[in-house]
Amino acid sequence: MGLTPATKILLSILTGLLVTASFPPAGTDWLIWISFLPLFAALEDTPPAASFRLGLLAGLAHYASLLYWIINVISTYGGLNIFVSSFVLLLLCLYLSLYMGIFSWLLVRFRNSGIKILFFAGAWISLEYARATLFTGFPWGLLGYTQYSRLALVQTADITGIYGISFLIAAVNVFFFQLIVNGKDILKNRYFLPETIILFILLVSSIYYGNMRLKEYSSEETGSSQANVAIVQGNIDQTLKWDEEFQAATLDIYSDLSRSSFNTDPDIIIWPETAVPLFFQDENCLSESINSLAKESGGYLVFGSPAYTKINGTYSYYNRAWSITPEGTVNGQYDKNHLVPFGEYVPLKKFLPFVHRLVPSAGDFARGDSKDPIKLGKTESGILICYEVIFPEIAGAQTLNGADILINITNDAWFGITSAPYQHLYISVFRAIETRRPLIRSANTGISAIVDRAGKIIKHGDLFTEEVITGKVAADNDLITFYSRRGNIFTVVILILCLIKISIGLCYPEYKRK
């Protein structure tokens with residue numbers, strides 16, 4: 001007997017909650033390998049239109065429980081009441097849920113086709129890729145990110161990117177469901193055994209490859225050069241951050257913490273995004289104190305500070321990272337390329353004059369256009385400011401331009417005490433794996449960390465603490481990974497094959513029934 005509509009709704013919601021539970025900091029990442037089974041059960045005897053709605057519902061349960069912290073960002077720092085903030089979250093979740101709805105529709109529409117496991121896994125990562133690309137992209141919460149601690153499994157990200165890991169997860173979910181539903185009759189499907197063999201080979205090959213890479217890129221291994229780094233986490237309250245009366249106190253906190261690391265002879269000292277809450281480029285006693293600190297340290301000082309340009313009387317503002325030499329002079333800067341829509345700028349502002357930024361205190365920034373790394377002594381450092389770390393293309397471009405280490409500066413105070421800072425950190429792990437570059441992360445309120453080229457978190461701080469993290473990173477720009485060179489070619493090929501399969505199935509229904 002088929003399931004009742006109410007049961008199908010509950011199963012769909014269960015899948016959404018299980019997917020969320022697979023993400024940090026819950027520590028139950030193994031759930032992702034079976035999390036789609038309830039939804040698959042709900043879709044088993046459901047027509048296509050209803051399957052889309054069930055998928056949409058699963059998506060809503062997932063994204064609402066994963067991204068709940070957005071309410072805190074908008075209500076606390078955007079000044080919007082809790083109801084408006086919740087409505088904004090609902091709109092975002094509805095958009096993201098469309099992709100899970102489409103995936104569910106495809107499952108039902110093509111459930112009678114010959115190929116199941118690999119096609120549906122390919123369909124999933126095609127939709128993940130679309131979500132990461134369309135409308136400026138939002139690749140937060142991709143399935144593969146749940147496996148950040150399974151280092152032997154995720155090393156193939158230097159070939160396929162995060163999407164290869166998501167592919168395996170989706171394929172295993174479909175495999176388990178086919179095995180459970182069809183039972184003894186499973187071998188009557190002539191495609192099941194060859195697909196299972198292929199999936200087994202992919203899993204074994206991934207783990208074998210991963211173990212090889214873990215030995216090659218162990219944290220003990222030295223690169224062509226090494227750098228001592230000191231990461232400064234100032235833990236500045238966001239409500240005080242832009243208070244002019246607190247500017248000097250802020251710089252004192254960062255300066256004192258930096259001085260506490262001088263006994264380690266740091267080559268690079270890193271402060272977070274907008275750690276300097278003033279226009280550093282304007283000459284004054286506060287900006288001069290930063291130059292003096294760099295001289296005192298004997299190393300390079302990297303920090304975030306807003307900046308501006310004035311052209312024909314028009315000001316443009318930037319979210320900028322600055323670099324100061326041991327001589328106390330500016331030797332490099334990087335302006336954030338990928339801005340947060342409605343947080344740092346308003347998309348299509350000319351056509352949407354009635355839409356104000358959701359977080360007014362974040363700024364109204366112009367987009368930077370350079371992805372060139374900054375030279376810090378013997379190292380070339382690619383800079384990723386905050387949100388940019390979730391976009392692998394930016395890290396890849398900087399690696400191709402010569403970066404031998406990656407520096408991520410961020411201000412995660414917006415998130416409060418939620419799961420978001422953990423998710424943000426563990427997403428960044430994959431940028432180190434994809435590029436085989438160590439990643440140094442400085443976060444205002446945490447979580448600051450040092451990640452080696454294998455994606456292992458060597459050291460990390462805590463949330464909402466003042467602290468300094470010191471360590472050594474191995475810099476090496478001789479190796480350019482396949483992923484850095486070719487980007488998402490694996491996913492694009494899968495996307496094209498899926499589109500061909502879907503087109504044939506829609507245009508020739510008799511093919512779908514074979």
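This section describes a mixed sheet, the helix that packs on it, and two nonpolar cores in a predicted model.

In the predicted model, six strands form an open sheet with mixed pairing, arranged in the order S5-S4-S3-S2-S1-S12. The edges are occupied by strand S5 (330-335) and strand S12 (467-475), each of which has a single partner strand, so that one side of each is left without a neighbour in the sheet. From one strand to the next, the twist averages 35°. Strands of a sheet pair through backbone hydrogen bonds, in either a parallel or an antiparallel manner. Strand S1 (residues 225-233) and S12 run antiparallel and are joined by nine bridges, and Val232 stands opposite Val468 in S12. Helix H11 (residues 247-259) packs on the sheet, where it touches S1, strand S2 (268-270) and S12, and the direction of this helix makes about 140° with that of S1.

The largest nonpolar core comprises 113 residues, and within it Leu67, Trp140 and Phe430 are the residues with the most contacts. Helix H9 (residues 162-182) supplies the largest share of this core, namely twelve residues. When residues up to four places away in sequence are not counted, Phe430 touches Gly144, Tyr145, Gln147, Tyr148, Val154, Ala157, Ile162 and Ile165. Another core, of 23 residues, lies apart from the largest one, and among its members are Phe262, Ile269, Ala275 and Ala294.

Note on methods
Residues are numbered from 1 along each chain as its sequence is written. This is a predicted model: local features need pLDDT of at least 70, side-chain atom pairs count only at pLDDT 80 or more; totals for chains, interfaces and linings use all residues. Side-chain values use heavy atoms; hydrogens and water are left out. Two strands pair if DSSP finds at least two bridges between them. Helices (H or I, at least four residues) and strands (E, at least two) are DSSP runs, numbered from the N terminus. Axes are lines fitted to C-alpha atoms, for helices over the stretch in contact, and angles run from 0 to 180 degrees between N-to-C directions. Contact means heavy atoms within 4.5 Å. A nonpolar core is a set of buried Ala, Val, Leu, Ile, Met, Phe, Trp, Tyr and Cys residues joined through side-chain atoms within 4.5 Å. Buried means under 20% relative accessible area, exposed over 50%, partly exposed in between (1.4 Å probe, protein chains only).
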